[in-house]
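Hi,

Here is the structure I said I would pass on to you. Have a look at it, and then read on for what turned up.

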Amino acid sequence: MNEVLKKYPSATREDLLDILHDIQESDPHHFLSDEVLTDVASHLGMDLADIKGTASFYSMFSFSPRGKHVIRICDSPPCQLLGATTVLQKLIEVLGVAVGETTSDGLFTLETSSCLGMCGVAPAMMIDNETYGNLTPSRIVEIIERIRREDETS
Amino acid sequence: MKEILIRIDGKEVSAPAGSTILEVAKQQGIPIPTLCHLDGLSDIGACRMCIVDVGGKIVTSCTTKIAEGMEVITNSDRLAELRRLNLELIFAERNHVCSMCVSNNHCELQDLACDLGMQHVEVPYAYPRLSLDASHPKFIIDQNRCILCGRCVRVCAEVEGAHVWGIAGRGSEARVITELGIDWGDAEMCTDCGKCVQVCPTGAIVEKGKAAAEMEKHPELVTTLKERREND
C-alpha cells in the first residue's frame, strides 16, 4: 500500500483530491501511476474508472512521470500581453525541451498553465510551489542556472 | 405522497412531489426529445436535448423536479431553435457519418435529427481522429461515434454492478474509458454482459461482425429488467 494512504485511515471519496495531491507531491516523478490509482480505489472503495475520471478532470494531475522540478508558465492573456511568449521561448531554448517534455537529465518538466492569479506581476510562472513574477528572458537564465547549481551541490 | 399542482403547456396537472418535469410530461402524453435519458437509469442532464422553459428559464426536464405553481412550456420556437443548435453541435463534435455506420437506421441520434428537422449542420465539423478499441472479444467501442451521454457508465454501475465504464478528461478531450483507461479487452471487472451495447444510443458501442446498418439495439430491455427487479 502507498505510504501516503496510511495518513488517511478512514478516508471517504470526499478525501480523494487531497490524497491524490499528497501522493503526487511525494512521488519523486510527480505523477500518479496506475498502481497508485488502483491502491487509492481499493482504499476508498471507489471504481477505477471513477478515480481516473475524477483525476483526469484536473490539469494539475499527471499520469506520466515528470522531472524533479515542474515548471508551469502562465499562458493567459495578461501574461501574453507582457511577454510570456518570449519568456517561454527562452525556457524552451535554455532547457532544450518542448512544452510537455522533460529534460534528459530528469531535472525539469516544462508545462503551460492557465491563470496563476499573479497578473499584477505578469509574466509569471511557478516552479514546484515557488512563484516567480516580472519574468524576462535574462531572469529565466538566472533562475534555471541557480536551480541547476543548487541541485548539483545538494 | 403529496401531490403538487403545475401548469404544463397551459394545462393544469397534479403529480406526486419529487417527480421530474419529464416524468409528468410523459404521463400527460406530451413528447419531449431525449437522448441521454433512459427509463430505468438515473438522470444526469448530459445531452441537454430535453430542455424546457420554466418561467423564461431554460432547464433540463429530466433533472428538474416539479414545484408548486410551476409554469412549464415544452415547445416553442426558442426551444426548437436551441434544441436544433445543440443537436448540430453534438453532430459536429465527432464523426457521425450515418451511411458508413453499423447503427444506420437504428440510431437514436439519427432519429432525433429527423424528428427535429435538422437538414444540415451550420457549425463547422471538428473531424477529430479518435481511437477505436476492438480488444474485447465480442464488442467494439468507437470513440468517433460517442456522444458522451454516459448511458454505458450508468447501466454498468446501476444495473450490472460491474462499474467498468467512466468518463475521463474534460471538454472536447472527454472520452469514455474502461477502468483506468486500459483496453476494454483487459478490463477485469467486465462481465461481457453487453448492456452497454444495448443502451448506447449511437454506433459507438456495438457488437463485432456487423456491417453498415446491421446493428439493432434494444435499450428497452434494460428498462424492463429494472422494472422487474423493482417489482420483485
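To get you started: which residue in strand 7 of chain B stands opposite D133(B)? That would be I141(B). Before going further, please keep in mind that this is a predicted model.

That pair belongs to strands 6 and 7 of chain B, which are antiparallel and joined over two bridges. Strand 7 covers residues 139-142. The two strands are part of an open, three-stranded sheet in chain B, with the order 6-7-10 and antiparallel pairing. Strand 6 (132-133) and strand 10 (205-207) are its edge strands, so to speak the outer rails, as each pairs on one side only.

Chain B has another open sheet, this one with five strands in the order 2-1-5-3-4 and with mixed pairing. Its edges are strand 2 (11-16) and strand 4 (57-60), each of them paired on one side only. On average, neighbouring strands in this sheet are turned by 40° against each other, if you ignore direction. For a parallel pair, look at strand 1 (residues 3-8) and strand 5 (residues 71-73) of chain B, which two bridges join. R7(B) has E71(B) in strand 5 as its bridge partner. As a general reminder, the strands of a sheet pair through backbone hydrogen bonds, either parallel or antiparallel.

Now for the helices. Helix 2 of chain B (residues 77-93) lies across strand 3 (51-54) and strand 4 of that chain, and runs at about 150° to strand 3.

Helix 4 of chain B spans residues 151-160, and its buried residues are R151(B), C152(B), V153(B), R154(B), V155(B) and C156(B). What do these buried residues pack against? Their partners in chain B are strand 8 (165-168), strand 9 (175-178), helix 5 (195-199), strand 10 and helix 6 (220-231). Strand 10 is also an edge of the three-stranded sheet above. Just after helix 4, G161(B) takes a positive phi of about 75°.

Finally, the place where the chains meet: chain A brings 10 residues to the contact and chain B brings 13 residues. On the chain A side, helix 2 (34-44) and helix 3 (48-57) are the elements that give two or more residues. Helix 3 of chain A supplies the largest share of that side, with seven residues. By type, the chain A residues that touch chain B split into four nonpolar, two polar and four charged.

Over to you, and happy browsing!

Technical notes: Residues numbered from 1 in each chain as written. Chains lettered and ligands numbered in written order. Predicted model: local features only at pLDDT ≥ 70, side-chain atom pairs only at ≥ 80, totals over all residues. Pairing = 2+ DSSP bridges. Helix = DSSP H or I, 4+ residues; strand = E, 2+ residues; numbered from the N terminus. Buried ≥ 20, exposed ≤ 12 C-beta atoms within 10 Å, placed from the backbone. Contact = placed C-beta atoms within 7 Å. Axes fitted to C-alpha atoms, helices over the stretch in contact; angles between N-to-C directions. Nonpolar A, V, L, I, M, F, W, Y, C, P; charged D, E, K, R; others polar.
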